[in-house]
Protein chains: 2
Amino acid sequence: MFAIGKASELSGVNIETIRYYEREGIVAKPDRSAAGRRLYTRDGIAKLRFVKRCRDLGFPIAIIQVFQTLTGEQSRSCTEVKSLAEDHLIEIDTKIKNLVILRRALQSLSRNCDEGAANCPMLDALMSDGPSEDMG
Amino acid sequence: MFAIGKASELSGVNIETIRYYEREGIVAKPDRSAAGRRLYTRDGIAKLRFVKRCRDLGFPIAIIQVFQTLTGEQSRSCTEVKSLAEDHLIEIDTKIKNLVILRRALQSLSRNCDEGAANCPMLDALMSDGPSEDMG
DNA sequence: CTTGCTCCTGTAGTGGCTACAGGAAGTAAA
DNA sequence: TTTACTTCCTGTAGCCACTACAGGAGCAAG
């Protein structure tokens, strides 16, 4: 059995975050010592690590909870996992695409900025009266 | 003079968000009608639009406030704007890079998932005991 | 005069943490 | 044993940039 500090070290999850996950029901409540301290099993730590890896992949907590209910199940679960992963891939692609567009917009705005310009062309463009609905 | 609904329509900023910007001091307080309703000038609406465009480019509020103080100034401002924009470009590039890495990781994890697999290879991999610090 | 729209203030919720304050318990050296 | 240091506890508030809602008031058209 491991105290929360060790569990944090072994799982890579911040201590405060572990307590947050417990509060929110994202991981099970661990046993407690006589003095009320949390005691984690290897299995509990594995679950924390699982949550961390999913978070690192960008999955929201709600999806991770679905993953956790699916781990108990049989063959159907793999199909569902794949489908959730593919949805997430699409979201990632969308984010990348939007960032690339944004990158281009920002670059073209700042390209004309040069030391000593009377007015900043970038601020001028952002201040001007044109359309405003089409960037985000 | 325009009521808040019209100002929202013309600037593209949500009504609640306009009030939020005012509360937080991101835009100036507008005049009020006799009955206490906000009345926006064209200039006030232009400022809302400016904030929106900056937000759409991903600039945080704090930077937008810097932009606003810089618009009054002379030639030095353009250099500073360019520098802030370039910092932001670097941040965008970092985000894109991380998303691409993440995309690859997720794709390789889900590739082995197939209908009817006994255990889901993706969940198995995420559950396993390997290292956990190196993904995010 | 009623209906329906817009507007007002104030507060709380979102996601996913993170950072305290103020205390108790454990550990190790002097 | 005392002291000092570290870890742990609960509870609450803060972060960012909004968004939503309750409960009410004003205003314009039919």
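These legends walk through close-up views of a predicted model of protein chains with DNA.

**View 1. Chain A on its own.**
Start with the fold of chain A, which has six helices and two strands. Going along the sequence, the order is α-α-β-β-α-α-α-α. Chain A has 136 residues, and 37% of them count as buried. Take the contacts in chain A with a separation of 6 or more: 42% of them come from residues 24 or more positions apart.

**View 2. The protein surface around DNA strand D.**
Which residues should you look for here? DNA strand D is surrounded by 19 residues, and the closest are G5(A), R19(A), R38(A), Y21(B) and R55(B). Of the strand D atoms that come within 4 Å of the protein, 72% belong to sugar and phosphate. By class, this surface splits into eight nonpolar, three polar and eight charged residues. Helix α2(B) gives the largest share, five residues.

**View 3. Three arginines at the phosphates of strand D.**
Zoom in on R19(A), where a side-chain N or O atom sits 2.5 Å from a phosphate oxygen of DNA strand D. R38(A) does it with its backbone: an N or O atom there is 2.8 Å from a phosphate oxygen of the strand. From chain B, R55(B) brings a polar side-chain atom to 2.7 Å from a phosphate oxygen of DNA strand D. The elements giving two or more residues to the surface near this strand are α1 (4-11) and α2 (15-23) of chain A, plus α2 (15-23) of chain B.

**View 4. Where chain B meets chain A.**
How many residues does each chain put into the contact? Chain B gives 56 residues and chain A gives 55. About 5100 Å² is buried between the two chains, with carbon and sulfur atoms giving 69% of that area. On the chain B side, R53(B), L57(B) and L126(B) lose the most area to chain A, and together they make up 13% of what that side buries.

**View 5. Polar pairs and helices at the chain B side of the interface.**
Four salt bridges turn up across the interface of chain B and chain A. There are also 14 residue pairs in polar contact across it, with both residues at pLDDT 80 or more. On the side of chain B that touches chain A, the elements giving two or more residues are α1 (4-11), α3 (42-56), α5 (76-111) and α6 (121-127). Helix α5(B) gives the most, with 21 residues. Sorted by class, that side of chain B has 28 nonpolar, 14 polar and 14 charged residues.

**View 6. A salt bridge between R103(A) and D93(B).**
Side chains of opposite charge can pair when their charged atoms come close. In this view, the side chains of R103(A) and D93(B) meet with N and O 2.4 Å apart. Why does this pair join two chains? R103(A) is in helix α5 (residues 76-111) of chain A while D93(B) is in helix α5 of chain B, so the bridge runs from one chain to the other. R103(A) counts as partly exposed, at 21% relative accessibility. D93(B) is partly exposed too, with a relative accessible area of 31%.

**View 7. Salt bridges within a helix.**
Across all chains, the whole structure has 18 salt bridges. One of them links D43(A) to K47(A), with the closest N and O atoms 3.2 Å apart. Both residues lie in helix α3 (residues 42-56) of chain A, four residues apart, about one turn of the helix. D43(A) is partly exposed at 47% relative accessible area, and K47(A) is partly exposed at 40%.
Over in chain B, the side chains of K6(B) and E9(B) form a salt bridge at 3.4 Å, N to O. K6(B) and E9(B) are three residues apart in helix α1 of chain B, so about one helical turn separates them. Buried or exposed: which word fits E9(B)? E9(B) is exposed, with a relative accessible area of 55%, whereas K6(B) is partly exposed at 38%. Back in chain A, salt bridges with shared partners tie E22(A), R32(A) and R38(A) into one network.

**View 8. The surroundings of R38(B).**
R38(B) belongs to strand β2 (residues 38-39) of chain B. Why does R38(B) count as buried? Its relative accessibility is 18%, and buried means under 20%. The R38(B) side chain makes a 2.6 Å polar contact with the side chain of E22(B). Leaving out residues up to four places away in sequence, R38(B) touches F2(B), A3(B), I4(B), R19(B), E22(B), P30(B), D31(B) and R32(B).

Definitions and conventions: Residues numbered from 1 in each chain as written. Chains lettered and ligands numbered in written order. Predicted model: local features only at pLDDT ≥ 70, side-chain atom pairs only at ≥ 80, totals over all residues. Heavy atoms only, no water. Near = heavy atom within 4 Å. Polar contact = N/O pair within 3.5 Å; in protein donor to acceptor, adjacent residues only side chain to side chain. Nonpolar A, V, L, I, M, F, W, Y, C, P; charged D, E, K, R; others polar. Contact = heavy atoms within 4.5 Å. Buried area = accessible area lost by both parts, 1.4 Å probe. Buried < 20%, exposed > 50% of the residue type's maximum accessible area, 1.4 Å probe, protein only.
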